[in-house]
Every structure is written in C-alpha cells, then in structure tokens.
Amino acid sequence: MGSVRRHAILNASAALVWEFIGRPGALHEWFPITATRVEGDKRWITLPTGIVFEEDILLVDHDLRRFQYAITNNPLITSHLGTYDVIELTPTTCIVVYSTNVEPEVFALAIGAAAGEGMRFLEKKYGIPKNEGTR
Amino acid sequence: MARRILFITTDQQRFDALGCNGGVVARTPVVDSFAKEGIRYNRALPSNVVCMPSRSSMITGQHVSTHGVWMNGVTLPVDAPSIAADLWRKGYRTSLIGKAHFEPFLDPFALFTENTIATQGVETVMHKNADGTEEPHRGFEHLEFATHNAMGPLHYAQWIRANFPEGADMLYPVINRKLQVNEMGGGDTGAPQVKHNPMPLEWYHTSWVADRAMNWLSSQNDEDDMFCWVSFPDPHHAWDPPMSELHRVNWRDLDLPAGYISDPAERERILSTKPAQWLAWYNGEFVSNFEAPAQWVPNTLTADQVREVNAMVHIENELIDEAIGRIVGLFKERGWWDDTDVIFTTDHGEFQGDFGLLFKGPYHVDSLMRLPLIWRPAPSRVGTTTPTVVNTPVSLVSLAATFAHIAGLPQPAYVEAARLPLNDAEAVELKHERVLTEWDSVLFGKIVSLRTITRGSWVCTATLPGSLHDGTDGELYNLDNDPLQHHNLWHNSEHRAMRDDLLADMWDHLPERKGVRRECDAPV
C-alpha cells in the first residue's frame, strides 16, 4: 500500500476554504483535472490525459470539514482511500491536509503529485500566512 | 568560425563498456577515437547513481543538495540554472534529442513539461523570467524525447505507435501491472528485463535518436554556434536490443565479469562486510527504491543470466557507437568536425553481475560510480590535442563549467565545480580535490541515505540514520589495493585516521540542502 500526504497552510478561515473545496463536484476548480461529474454518492473525474476515474464519495462531513472518497471499478487501482481535511489554526488561518492510500503503491506518488498541485493552487488563491514561508 | 558542442550521453553505462577504457567485448571504435584525439578521464563520478539527480547535476553544475533533485521522481524546477540556457542567451542553437529526464515519466495528471511538449508536438515551450524576458524550456529551443520503451507520450513512443504499431509490443514491457519495474525474465536464461526483440534495427530507439539528431543538425546553418545534446536511452535496462543484432555477442562465449563473485558463500561473506542495505537487498529482504524490480531477488541470479545480460549490454553499446559514427559522419560532411568539441559520458553505472547484483541502488562502488568520460576538444579552438589520461577523480558536476569554458563564457556563478581539467597538473590548479556523491531514497517509510567522498585512491561512504542504519556504519576502500572493493576498511583501526580525515573533508565540502526537501512525484 502506498501512502502519501500533502498539505497547505492558508491565510483564510477554515470555513471559507471548506466552502470552496468541500463541494465534491468542484474538484476541477482546484485540482489538476479537467472535469468533475457527480451523481448521488458517485463521482467521475477526468484527467488531462483523458483517463476517467470512477469514485465512491464516502464522506462529506461539514462539521469535521472532512471529505473522503475511493477510486472504484478500476482495472489498475485495486484499493484506494483519499481524504482531505480542513483544520482551523486560528480564526483567520487553516491547514488543508490531503492524504491517500492506494494499491498499487506506485500510484500514490502520482496522486500525491496532483494533490501537491492542488495545494499550490490553494496557496495562490488564499495566500500563505506570514512566517510560514513557501515550498 | 562557429563553435559547436556535441554532448553525447548514454544511460547506465559502465566505465569498462568502452574499448578505450579496457573493455574487451563491445567494439566501440568511434568513441575510442575521441579518446585518441582528446582527454580520457580514468575516474569520473556522478553526483548520484540514478538518472534524474545525475542529469540535473550535468545541466546545473550543482550537487544534489543544491539543485534538490534527490531521487528519480523529483522534478528539477523549471527555473533551475541551466548551462544550455546560458549558451542559448549567447546565441547558440540548442537542442536535446533523446532521453532528458529532468522531469518524471509517469504523469497521468499531465503535470510535467517534457511530457506536455511531446504531447503538444511543439519544439519547446517558452518560460517567462522575473525580468519579463522569455527563454525556452531549460534553454533548449528544440527538444525531442525518447526513453527505453514505447509507453507514454514521449516522441519516440508516439513515433513507434503511429508508424509501427506492432513495434510497441516488441520492446520489453518495463513496467508490470502494478506499475513496478518488471521482474519478468526472458531471453535464453530467464534473466530479468531481458527480451529477444524482433524489432528491426531501424525502429529501435538508438537508431531513432541518431536519426532525429541528424535531422535537426541538417537544418542548422554553417555559421551558427551550436550546443547539441544527443542522449541515448541505452544500455539502461530493459536489455532488449533487436534480435537481428544478437549475433554480435554470444552470451555463451563470455567470461564472467571480474566483479562477479562465483562462490555464493564468499559472495555473501563479502556483502556481509558492507552496510546492511547490501545483504538485505541481495536476499530480497529490503527493497529501498524503484531502481530494480521489487519482486526480483538478486540471490536468484545465475552465472548464465549474468552472461546474457552482459552480452545484451555489449550489443547495445556497439549499436550506440555505430549511431554516434553516423552523427560524426554528418559533422564531417558539413565540414564542422574540426570546430566541434565532443564530450561523451553517461549518467551512472550498472552492476551487470558485480557482487551477484543487477541494476542499481544505494551502493557507492565502481560498478555504479566509475563512468566513461571523454572530452575531444575542437582542433580549431585549441590545436591538436595529445591523447591524455586524467587520473584525478572528477565529477560530472564539472560539465556545466566545461561547456561554459568551451563557449568562452565565464564560469557561471551558480556552478559548484570547476571545468574539467585537461591533464592531472591542471586538475590540481583547478582544485579538483574530491568528488562528492549523495544518495537519498524514501520508499513509503523505508529510508536509506548515503554520502560519499572520492579522493585520490580512496572512497569513503557514510550511512546516515535510516531504516537499516544508525549512522555509524559505512564503507572505506583503497582502490589501489582493492579495485573490486571487496575489502571494507571502515571498521579497520589501521585506517581510522584516513577514514576520519575523509569524512571531515566530505562534511566540510558537501553543500547544505537548500530549502524544504521537494516532494517525490513519481517513481521515475
């Protein structure tokens, strides 16, 4: 099992950030994919290379500000769990933590790369609190 | 009179691959001829023994800790220094044809520029600098990419699939269903990553790289300065040269390599004297990285498999030499040859049976670290060069400054090593006192880190704390007495002073890592 984690510390409230990324159908607005389609608890995302992933939406918790999903019905990916959390640091700052566990393990690195792009997008959108620096 | 730099690299090629370096199997008359007209470096070493970090050092002139590409899968930042960009700014026509690998291959989210350039079918892309000026990607105005297979978006793979779709399946499938390096055996002996490939030679990537380089070269003007990097993917595994060429070397006729230890008990005894990652990998108990098949256990390697892998490598090396001969022929036809500096090298080595191992990994010995490096200076620039052998250890980190020197540019401020010396006396003047090689691998919690200094005839490797090491073990070899590195002197009290002096020298000169460690975004 491959496991990766990416994070971003943002100059915005957890509520504001969750309002943006807590929508399962809006993933393409901040993640490096080209399209998102949601039907009930199913989601399909289209990658820039044309690959489509079918996903089960497992959890959208507006109190925890946690989203969990799993890639499913995929001939290559035999096991997957993706999670992101928006955690309040101060009333005006938060941290977004994205993690994924996947089999085959190699694919964790590719998902991590995409999540890293997503984190960079959020850092640009909301800014980074002073003293946090950049990566 | 134009200045031209022809930079030729192979991938994963040992020092002894060439006739001029003592190789006795593969015929390499073209590269050998460079040595007859230039400088042959007897101990050239990389900054790292895998592709992306080593290649990043070639173009930036920096050690791994500075450029930050600490393992395959870590992207060299687009705005990293590039000697090709310096040359382009000076007016050089610049190209890289073949294997670049400054960015990962596995890219389902289309994040990496090399893949994007190939997908879009453009020569390069322009990036904006802070001052508003624009430069081509890493300084190359023409890029055409290849790797060892026909998977993915790179130009060679596209070309095969478009023109010879049956060819894609003729090459060895380097990745298995789990996206891991494939352990599948083939050939006559079942050796991993070996395949009898029915592909015609004309379709093979070595031929393609030469063809595309010649195509670009043919479009250039006689009066233009030029930096052309021709980068062959071979002899890196998979070992699948076209079957039509297998007659060149019959594996059954080969002697086993000097570094192969035939007696398994003696092999295991020697491995047990080295730090723990050696024997643990040999026995299949600890796989620390993606550089070898995860499911393959080295202690299953047979002597015949070693012979067959070596035969395949020798054949691939001959094909490369012949491909280079075609390129040199074009230079001569155009009347450019006397105005051309040629540098030939590779990014890292390969075990090829040494110690009963194949592939590469966290093992800082000659198999992986001692590399072919030859510089044939342009006669019109420096006059006739007396054939010279430089015995002083030199680093591939010196290449960037060398290209600047050839072009008449001052040594760039960003480089961390002086240009290559023309002889041993100049090596002293230019302060080629030590070569530093780094290894860091992190495979889902399995961590191995090594730091190595090569100075004179000594090689000293420190292990850093990680999954197998507590930071107290290491390796120390005297290459004069122990060229095969079978006698680890790290714990030998007679050599304690030398070991401590080497370590102090290494820690004094290793650059500190700049910034936060960058993420690994792909296995390769």
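**Exercise 1.** How much area do chain A and chain B bury between them, and what percentage of it lies on carbon and sulfur atoms?

*Solution.* The model is a predicted one. Start with the total: about 1900 Å² is buried between chain A and chain B, and 73% of this area is on carbon and sulfur atoms. Next, turn to the side of chain A, where Glu105(A), Val106(A) and Leu109(A) lose the most area to chain B and together account for 29% of what that side buries. Finally, count the residues in contact, which number 27 in chain A and 20 in chain B.

**Exercise 2.** Identify the charged and polar pairs across the interface, and then the elements of chain A that contribute to it.

*Solution.* Between the two chains there are three salt bridges; one of these must be the pair Arg6(A) and Glu519(B), whose side chains meet at 3.3 Å, N to O, which lies inside the 4 Å cut-off. Six residue pairs are in polar contact across the interface. On the side of chain A that touches chain B, β1 (2-10) and α2 (106-126) each give two or more residues, and α2(A) supplies the largest share, nine residues. Sorted by class, that side has 18 nonpolar, three polar and six charged residues.

**Exercise 3.** In what order do the seven strands of the open sheet in chain A run?

*Solution.* The order is β1-β7-β6-β5-β4-β3-β2, with antiparallel pairing. The edge strands are therefore β1 and β2 (35-39) of chain A, since each pairs on one side only. From one strand to the next the twist averages 20 degrees. Lastly, place α2(A), which packs on the sheet and touches β1, β4, β5, β6 and β7 of chain A, its direction making about 5 degrees with that of β1(A).

How values were computed: Residues are numbered from 1 along each chain as its sequence is written. Chains are lettered from A and ligands numbered from 1 in the order in which they are written. This is a predicted model: local features need pLDDT of at least 70, side-chain atom pairs count only at pLDDT 80 or more; totals for chains, interfaces and linings use all residues. Side-chain values use heavy atoms; hydrogens and water are left out. Contact means heavy atoms within 4.5 Å. Buried area is the accessible area (1.4 Å probe) that two parts lose on being put together, summed over both. A polar contact is a pair of N or O atoms within 3.5 Å; within protein, one must be able to donate a hydrogen and the other to accept it, and residues adjacent in sequence count only if both atoms are side-chain atoms. Helices (H or I, at least four residues) and strands (E, at least two) are DSSP runs, numbered from the N terminus. Ala, Val, Leu, Ile, Met, Phe, Trp, Tyr, Cys and Pro count as nonpolar, Asp, Glu, Lys and Arg as charged, and the others, Gly among them, as polar. Two strands pair if DSSP finds at least two bridges between them. Axes are lines fitted to C-alpha atoms, for helices over the stretch in contact, and angles run from 0 to 180 degrees between N-to-C directions.
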